[in-house]
Structures are given as C-alpha cells and as structure tokens.
Amino acid sequence: MSEDSNDLRTASSITFDQATKMYPGQTDPALDALDLNVEAGELVCLVGPSGGGKTTALMLVNRLVELSSGDIRLGEKSIGSLNAIQLRREIGYVIQQTGLFPHMTIADNIGLVPQILGWKKASIRNRVHELLELVGLTPTDDIAKRYPGQLSGGQQQRVGIVRALAANPPVMLMDEPFGALDPITRAHVQDEFLALHNEIGKTTLFVTHDIDEAIKMSNRIAILKPGGKLAQFDTPDTVLSRPADDFVEQFVGEDRGLKRLSLIPVRKMLNPSTVVPSDKETASLSWPRIERDKSARTALSLVLAAETDGVVVTDGDDVPVGTVTLKELASIAGSGNDAVAGSTTP
Ligand SMILES: Nc1ncnc2c1ncn2[C@@H]1O[C@H](COP(=O)(O)OP(=O)(O)OP(=O)(O)O)[C@@H](O)[C@H]1O
Ligand SMILES: [Mg+2]
C-alpha cells in the first residue's frame, strides 16, 4: 500500500455502532441505529427485503454515503477520522453486475487501484496474473487482454471479485455479487469464493436477498427488516432453529427445518456412544449408506427414497462408523432443537 494509506491491517473488524442514515427529504431512516460487529476475517451476509437498507449499510462503510448519526469503526478507527478517498481504495467493493469498465482490458480493470496507488508496472502485472490464477482463469491465454464484453457472465463476476482484491484490502464489501448468474454458475462461483475466503480470510460484508446463499456462505447472518432495523444477527443454524420473530421466521421460509439439515454433516449427528454396526448387521439392516461428510439433508433423501428407518454412516473407505435414524433426522428438521452431537465429534 502507498505511504499515505490509512494503515489498516490485513483483516480488520467492522463495527456499526448505532449507525443511522436518514436520506435528505425522507421522514423514515433507511438504516435505523444498526449495531453490528463483523469480526476480523469473518464473512457476514446482510439479508433483507428490497429497500431494507442493505446497500446503504455497505456504502456507509466506504463513505459513498455519510452517516446521519452513530459511528462505524474499522478495527479501532472511526471511519470519520480516515481519509475518505484513501478509505475507498483500501476497501474492496464489488457491486452488482460487476461494474467492470467496458473500454478497459481485463488486466487494466484489475490493475486499476494498484495503478492509482503507484505500484510499479511489473508488480501490477504479477498481481494481475496471480489473481486471475486464483479464480481459475488462465492468465497465459489472452484473457487479460480481452475486454469485459468478451467474457462470459461468470468470468466477468470472477474478474469483478479479484479486481476488488487487487490492492490486498483488509475489508471486502460485496453487494449482490452473484445476482446476475444462472443457478449452476452461481453455485460454482459461491464455492470458489468460499474457498478463496477460507484461504485469504478477508473481513467480508456480503449483501444478498437470497437466504439460501446467506445460509451457505455466512459465518453469521444479519437480517434487516423494512425500515432498516436489525431483526436478528446470529449463526445460520440459530437463525433457522430459533428465528427471533415472525418476520425472520417468514423470511427464512417454511422449509427452514430442511435448510437446517443441509447445514449439518451426518458425522455431527453420530453420538460418541453410538454403537458401530458390524458389516453383517448393516447388510441385514439394508439401510442406505452415506459418507460421513455428506449433509443430513442428503441422508433424509436417502431414507425417504429407500423407505427405511435410517442410514448407515461410513468413513471415506466405506467402513461403517455408526447409524443415524429417521427419527433423529426428523427431530432436527422439526427445529428449535440441539440434537446434534457435533461438538464432540471430529
Ligand atoms: N439517495 C437516496 N435518497 C433518498 N432515499 C434513498 C436514497 N438511496 C436509497 N434510498 C432509500 O433508502 C431505503 C434503503 O435503500 P437501499 O438501497 O439501502 O435498500 P436495499 O436493501 O439495498 O434494497 P435492494 O434489495 O432493492 O437493493 C429505500 O427506501 C430507498 O428508497
Ligand atoms: Mg441494494
């Protein structure tokens, strides 16, 4: 980073402290006294209905919009005390539909902020190559020289993400970054981003209106209700099992029990005292077998398809390590229930 940077660390927490935004001429706030703490390295999804204040919350962080009252801190520093222009360069910002500049090549798009920061040409070129590789785009073919219109939608979104990462910002703000993708590409880019996040650990505030995306991506989910008020801020499992109010319950959907099952690998349902059935016993049970890292939702599908009372859980070598019954699956899907032995199993 350049010498006059705001000197934020590689991953920095984001703290909203009674953050409020009232747009001029409006009678109701777009964001109302938001208290939210995104820990350094954490990925928090901000979800809620259209007009709920999600984009406003992001734009307050990089001061594209100024607070009416309250404060936002990056680490210990109030954003009001930082240079706004520098702040924007030090925060990765991915907007919906990628926002790539159509008249600039992919290499120039990705290298834009490093260039503004005065990096040397060779460093920028290396960084562009490194980032393209990071998201599975081969830098040695002509992709870096192409224009955004010459890439597929999914490729453009990947470029949009790595462009935001280019100057190694401590914080990423992402506003519906995968919104324009078809479901298959979207799932693929989600997996890619999750792997990337696990590797680089940037503090990330990720806006989506898709609760399934939030459940899949988040360490914690913040749900805003109309009027820019925080309805709940908790882990995906808690939001699904104990929605704070009727609004959240409705927002997460009637199938929240099934969604919850999809979060739980079957190995977490194996009680330490589970008796491991012998091969002979599992054969006579004729229960379907499932590998222990698969989700409880997959286990339920197998049980229902085979019309059995449970599944045999196996390790990577197809050796049985225990069983999970239909009753146990149903009790978790029934929700509000912590029947998961997860904390004691690897
Ligand atoms: N510049 C502005 N002037 C006045 N009101 C605004 C302005 N920008 C946004 N608003 C209002 O603030 C509220 C929150 O808008 P915001 O864009 O933050 O919502 P959002 O949750 O991102 O919605 P969406 O899911 O549709 O993107 C809305 O009622 C919107 O009309
Ligand atoms: Mg928005």
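Is Gly 92 buried or exposed, and how many other C-beta atoms lie within 10 Å of its own? Gly 92 is buried, with 23 other C-beta atoms within that distance; the cut-off for calling a residue buried is 20 or more. This glycine belongs to strand 6, which covers residues 91–94. If we set aside the neighbours within four places in sequence, its contacts are Ala 164, Leu 165, Pro 169, Val 171, Met 172 and Leu 173. You can also look from Gly 92 towards Val 113: the two are 21 residues apart along the chain, and their C-alpha atoms are separated by 9.7 Å.

Let's step back to the whole chain. What you have in front of you is a predicted model. The protein chain has 346 residues, and 39% of them count as buried. Its secondary structure comes to 14 helices and 13 strands. Among contacts with a separation of 6 or more, 69% are between residues 24 or more positions apart.

A good place to start the tour is the sheet near the beginning of the numbering. Four strands make up this open sheet, in the order 2-1-4-5, with antiparallel pairing. Strand 2 (31–38) and strand 5 (77–78) are its edges, each pairing on one side only. Strand 1 is joined to strand 2 by five bridges, and in that pairing Thr 15 has Asn 37 as its bridge partner. Five bridges also join strand 1 to strand 4, where Phe 16 stands opposite Ile 72. Strand 4 (residues 69–74) is then linked to strand 5 by two bridges, with Leu 74 and Lys 77 as bridge partners. Helix 1, residues 54–61, lies across strand 1, strand 2 and strand 4, and it runs at about 115 degrees to strand 1.

While you are at strand 2, have a look at Ala 33, which sits in that strand. Most residues other than glycine have a negative phi. Ala 33, however, has a positive phi of about 50 degrees. Ala 33 is partly exposed, with 15 other C-beta atoms within 10 Å.

Now for the ligand. The residues around ligand 1 are Tyr 23, Gln 26, Ala 30, Gly 48, Ser 50, Gly 51, Gly 52, Gly 53, Lys 54, Thr 55, Thr 56 and His 209. By class, this shell contains two nonpolar, nine polar and one charged residues.

Further along the chain is a hairpin of two antiparallel strands, strand 9 (residues 220–225) and strand 10 (residues 229–234), joined by five bridges. Within this pairing, Ile 223 stands opposite Gln 232. Three residues lie between the strands, and Gly 227 in this hairpin takes a positive phi near 95 degrees.

The last stop is a group of helices and strands towards the end of the numbering. In helix 13 (residues 296–306), the buried residues include Ala 296, Arg 297, Ala 299, Leu 300 and Val 303. They are on the same side of helix 13 because they cover an arc of only 155 degrees around the axis. Their cover includes helix 11, strand 11 (289–291), strand 12 (310–314), strand 13 (320–325) and helix 14.

Helix 14 can be read in a similar way. Its buried residues are Glu 328, Leu 329 and Ile 332. Seen down the axis, they fall within an arc of 100 degrees, so they line one face of helix 14. They pack against helix 11, helix 13 and strand 13.

How do helix 11 and helix 14 meet, and at roughly what angle do their axes cross? The axes of helix 11 (residues 256–263) and helix 14 (residues 326–333) come within 8 Å and cross at roughly 115 degrees. From helix 11, Gly 257, Leu 258, Arg 260 and Leu 261 take part, and they meet Leu 329, Ile 332 and Ala 333 of helix 14. The residues of this contact divide into five nonpolar, one polar and one charged.

To finish, follow helix 13 to its end. Just after it comes Glu 307, with a positive phi of about 50 degrees. Glu 307 lies in the loop between helix 13 and strand 12. It is exposed, with 7 other C-beta atoms within 10 Å.

Technical notes: Residues are numbered from 1 along each chain as its sequence is written. Chains are lettered from A and ligands numbered from 1 in the order in which they are written. This is a predicted model: local features need pLDDT of at least 70, side-chain atom pairs count only at pLDDT 80 or more; totals for chains, interfaces and linings use all residues. A residue is near a molecule or strand if its C-beta atom, placed from the backbone, lies within 6 Å of it. Ala, Val, Leu, Ile, Met, Phe, Trp, Tyr, Cys and Pro count as nonpolar, Asp, Glu, Lys and Arg as charged, and the others, Gly among them, as polar. Axes are lines fitted to C-alpha atoms, for helices over the stretch in contact, and angles run from 0 to 180 degrees between N-to-C directions. Two residues are in contact if their C-beta atoms, placed from the backbone, lie within 7 Å. A residue is buried if 20 or more other C-beta atoms lie within 10 Å of its own, exposed if 12 or fewer, and partly exposed in between; C-beta atoms are placed from the backbone. The arc is that of the directions from the helix axis to the C-beta atoms. Two strands pair if DSSP finds at least two bridges between them.
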